[in-house]
Protein chains: 4
Amino acid sequence: MGIQERKEREKERRRQQIIVAAKRVFSEKGFNKATMEDIAKEAELSPGTLYLYFKNKEELYASLSLRILQYLHIRVTHVNKETSLTPDKKLSALMEAMYDVYEFDPLIIINMFHLQSSETLKNLSESLLDEIKDLSKKSIGAIAKIFEEGIEQGIYEDRHPVALADIFWAMFSGVVLWEASKKIISSDKDYLKSTLAAAFELFERGIRKAG
Amino acid sequence: MGIQERKEREKERRRQQIIVAAKRVFSEKGFNKATMEDIAKEAELSPGTLYLYFKNKEELYASLSLRILQYLHIRVTHVNKETSLTPDKKLSALMEAMYDVYEFDPLIIINMFHLQSSETLKNLSESLLDEIKDLSKKSIGAIAKIFEEGIEQGIYEDRHPVALADIFWAMFSGVVLWEASKKIISSDKDYLKSTLAAAFELFERGIRKAG
Amino acid sequence: MGIQERKEREKERRRQQIIVAAKRVFSEKGFNKATMEDIAKEAELSPGTLYLYFKNKEELYASLSLRILQYLHIRVTHVNKETSLTPDKKLSALMEAMYDVYEFDPLIIINMFHLQSSETLKNLSESLLDEIKDLSKKSIGAIAKIFEEGIEQGIYEDRHPVALADIFWAMFSGVVLWEASKKIISSDKDYLKSTLAAAFELFERGIRKAG
Amino acid sequence: MGIQERKEREKERRRQQIIVAAKRVFSEKGFNKATMEDIAKEAELSPGTLYLYFKNKEELYASLSLRILQYLHIRVTHVNKETSLTPDKKLSALMEAMYDVYEFDPLIIINMFHLQSSETLKNLSESLLDEIKDLSKKSIGAIAKIFEEGIEQGIYEDRHPVALADIFWAMFSGVVLWEASKKIISSDKDYLKSTLAAAFELFERGIRKAG
DNA sequence: CATGAATGAGACTTCATTCAT
DNA sequence: AATGAATGAAGTCTCATTCAT
């Protein structure tokens, strides 16, 4: 391994170190109340160092979303590759993948919506935004493919696959968000898992061709 | 009408004036980038005045959500009262109501999630938070009732009605959020209406008893 | 005096209060080492208040120069108005005026060059920059007029009046700057007054037509 | 040439390399906006290396002035040595030398004033400051000698030679500064050369004994 | 000797909130 | 009740400088 490469790796490790710290802090405090100093402390680095790896607070924040999207994309692509699986099995695998996405980063998914649904997006560097767009599209596309297959095989109702993928993703994230809200609002127990299962079941029934 | 009452009414009018302005400003700029001065200007009042009607920025913000919840509650309650309607018709009416909720305040629903999914909630005054909790519960309860009826009449699958209501609401808001994100990310056309219709249809198929 | 007008006056007084404090602090520490907090303290105001009256540090700084230019312009215009004076007397009056400009604000004139000769100018608001340009031009124009008169009357050598004005002003400020430098560098006594007198005399001999 | 000496030379070359880079960067951005990293990049060195050759940013900056003073001193000394020249010719040669000083480093002369007229000087190391003082004095002294000669020979008016030298230098730098300002302020064409010529002519007339 | 990643102090600026009028 | 000038705490970000390699 050359020196060049070792440095590259070291740098990537530092980035991850910061991202992990940022995730923790953002999750706990939310975007605004989290300060760069908080994150620096969590990462056991100095504030200035953060800026060597991320242009500003917003880009650091956005990088977290990117990380989820990457994970999601990998998982869904993986499901798609298993050509031996029937659409049914694939759908099941997809649902499992989605749940893993949630477990991979339970709180950040909420912040991810905060990111997308507003203010921040406009200040990101072109390249980062492009990456987000790209991954987003690819992931939805991969999900859509599963539905497409099912439709072609006459198992699912004939609907626009991308629209189905959108609904699938929207339902998933809607449930995650809503259960999170309920936990805050009503200190309810964590029903996420069962609600999610119910939602997935409902979705499946909704697209499957009747009898 | 007594003087007391007239004053009360005047005060309420002022509150609404501020809320309307706040809605506009928050919608355009998001919670953080919107300043109290922005809102004051929009309301043609001075910053100090805002504090005569709202304890602080966060309470003003939360009041917007309250307003949606109130609207939602009224609409759903209204649907429920129509005892002559079949569950099917009621579900249709509910869907329509949800769409109206969205149209009543298209952007604020996004901010509402921002509110709920994080930071702010903890700083609200007990009473306001209670009101939100209460309305939230009542609205979900009212929605659940529709499903309950359908289940009792053997039209819908036998599921926990509140869970169905949660999924219904989560799906609705998930779609709204996701379509909003897509608009920002990919400058897509506004597919909200059709996606929402598709989602509702899927939901209906999902809960309806086969055969 | 209406309320409107009183407020206007109050506001102007505040501006002056800040300018005076800024002048003291900038003179003592220079542009970079002077902090907004220093200035706020000197003005017995809070940092935030400075920003109600000046857009940023650089505009505050530039306003000091503007103040000198205003003073200079008034003085030179005044000299010009005295139609009864011969060009000779006017030149004397001009020299006196220049010296007063210096005394009006001995150290800031140095900073003024710092301002003009560099970095800062580009960040100023259009309007402020325009004002500076305008006053600058007018002042030089007024000085040039004195020379023009002398040339017309055959007292002074026939040279381009504006060029003479430029040289006059350049010599004046050059001497002020240079004597200031010398004071720092060699802790010399303050020879400014005599050097300035010598320079003015030399200038006069230089433009006067030989006997 | 011993190893010692070669090293010495190598070191000096590095210093010059840095100074040249610093000149470019300071000229373009001014003292504050120029960062040590900018300079390092321009010199194709690392930031750390700069500190092996210069104690800090201010000393690096001051070294530029020193370089001009050195150049000025060499030129003026050279003029003085030409014992065969009349004071008149010497004055002409001096003027030419001054113009070359300007061309040697057109923008830095402005920054030199920034240096001298303020903040920085106080933080310099004793030795560097001494060198500046020394060269400064010597250069002015050399200029003064020319005038002294002219006075002794009855060509120039009987004035204090050092005062004349001061005025000469002040006028020169005043014109350079002022023309630079004008270029920024009014985007005027570059009249420096002609203004400088006019100033020199005026100066000469001013000191020369009348007919 | 050279590097350049890391530091961390400190500056500017914003803005929610207060309070005298 | 309404104002809006003033506050001052706090946050983001920069950059001169250091030091382990």
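In this predicted model, a phosphate oxygen of DNA strand E sits 3.0 Å from a side-chain N or O atom of B:Lys57. Two further polar contacts pick up the backbone of that strand. The side chain of A:Arg14 puts a polar atom 2.5 Å from a phosphate oxygen of DNA strand E, and C:Tyr51 does so with a polar side-chain atom at 2.7 Å. As for secondary structure, the elements giving two or more residues to the surface near DNA strand E are H3 of chain A, H3 of chain B, H3 of chain C and H3 of chain D. The biggest giver here is H3(D), with five residues.

Zooming out a little, 29 residues surround DNA strand E, and those that come nearest are A:Arg14, A:Thr49, A:Tyr53, D:Arg14 and D:Thr49. Sorted by class, the surface near DNA strand E holds 13 nonpolar, twelve polar and four charged residues. On the DNA side, sugar or phosphate makes up 67% of the atoms of DNA strand E within 4 Å of the protein, and bases supply the rest.

Now for the other strand. DNA strand F has 29 residues around it, with B:Thr49, B:Tyr53, C:Arg14, C:Thr49 and C:Tyr53 coming nearest. Of the atoms of DNA strand F that come within 4 Å of the protein, 68% are accounted for by sugar and phosphate. The residues of the surface near DNA strand F split into 13 nonpolar, twelve polar and four charged.

The phosphates of DNA strand F meet both side-chain and backbone atoms of the protein. An N or O atom in the side chain of C:Arg14 is 2.5 Å from a phosphate oxygen of DNA strand F. A:Met36 brings a backbone N or O atom to 3.1 Å from a phosphate oxygen of this strand, while a polar backbone atom of B:Ser46 is 3.3 Å from a phosphate oxygen of DNA strand F. The elements that put two or more residues into the surface near DNA strand F are helix H3 (47-53) of chain A, helix H3 (47-53) of chain B, helix H3 (47-53) of chain C and helix H3 (47-53) of chain D. For this strand it is H3(B) that gives the most, with five residues.

Away from the DNA, helix packing comes next. Two packed helices are described by the angle between their axes and the distance between the axes. In chain D, helix H4 (residues 57-81) packs on H5(D) at an angle of about 160°, the axes being 10 Å apart. H4(D) is therefore roughly antiparallel to H5(D). The crossing of these two helices is right-handed. On the H4(D) side, the contact draws on D:Arg67, D:Ile68, D:Tyr71, D:Leu72, D:Arg75, D:Val76, D:Val79 and D:Asn80. Facing them from H5(D) are D:Lys90, D:Ala93, D:Leu94, D:Glu96, D:Ala97, D:Met98, D:Asp100, D:Val101 and D:Phe104. By class, that comes to eleven nonpolar, one polar and five charged residues for the contact of H4(D) with H5(D).

H5(D) also has a second partner. Helix H5 (residues 87-104) of chain D packs against helix H9 (residues 192-207) of chain D at about 150°, with the axes 12 Å apart. That angle is why H5(D) counts as roughly antiparallel to H9(D). H5(D) and H9(D) cross in a right-handed sense. H5(D) brings D:Asp88, D:Leu91, D:Met95, D:Met98, D:Tyr99 and D:Tyr102 to this contact, and H9(D) brings D:Leu192, D:Lys193, D:Leu196, D:Phe200, D:Glu204 and D:Ile207. The contact of H5(D) with H9(D) has nine nonpolar and three charged residues, and no polar ones. D:Met98 appears in the contact with H9(D) and also in the one with H4(D).

Chain C has an H4 and H5 pairing too. The axes of helix H4 (residues 57-81) and helix H5 (residues 87-104) of chain C come within 10 Å and cross at roughly 160°, so H4(C) is roughly antiparallel to H5(C). H4(C) passes H5(C) in a right-handed crossing. Among the H4(C) residues making the contact are C:Arg67, C:Tyr71 and C:Arg75, and those of H5(C) include C:Lys90, C:Glu96 and C:Asp100. The contact of H4(C) with H5(C) divides into eleven nonpolar, one polar and five charged residues.

Methods
Residues numbered from 1 in each chain as written. Chains lettered and ligands numbered in written order. Predicted model: local features only at pLDDT ≥ 70, side-chain atom pairs only at ≥ 80, totals over all residues. Heavy atoms only, no water. Axes fitted to C-alpha atoms, helices over the stretch in contact; angles between N-to-C directions. Helix = DSSP H or I, 4+ residues; strand = E, 2+ residues; numbered from the N terminus. Parallel < 35°, antiparallel > 145°, perpendicular 65-115°, else oblique. Left-handed = near helix turned anticlockwise from the far one by under 90°. Contact = heavy atoms within 4.5 Å. Nonpolar A, V, L, I, M, F, W, Y, C, P; charged D, E, K, R; others polar. Near = heavy atom within 4 Å. Polar contact = N/O pair within 3.5 Å; in protein donor to acceptor, adjacent residues only side chain to side chain.
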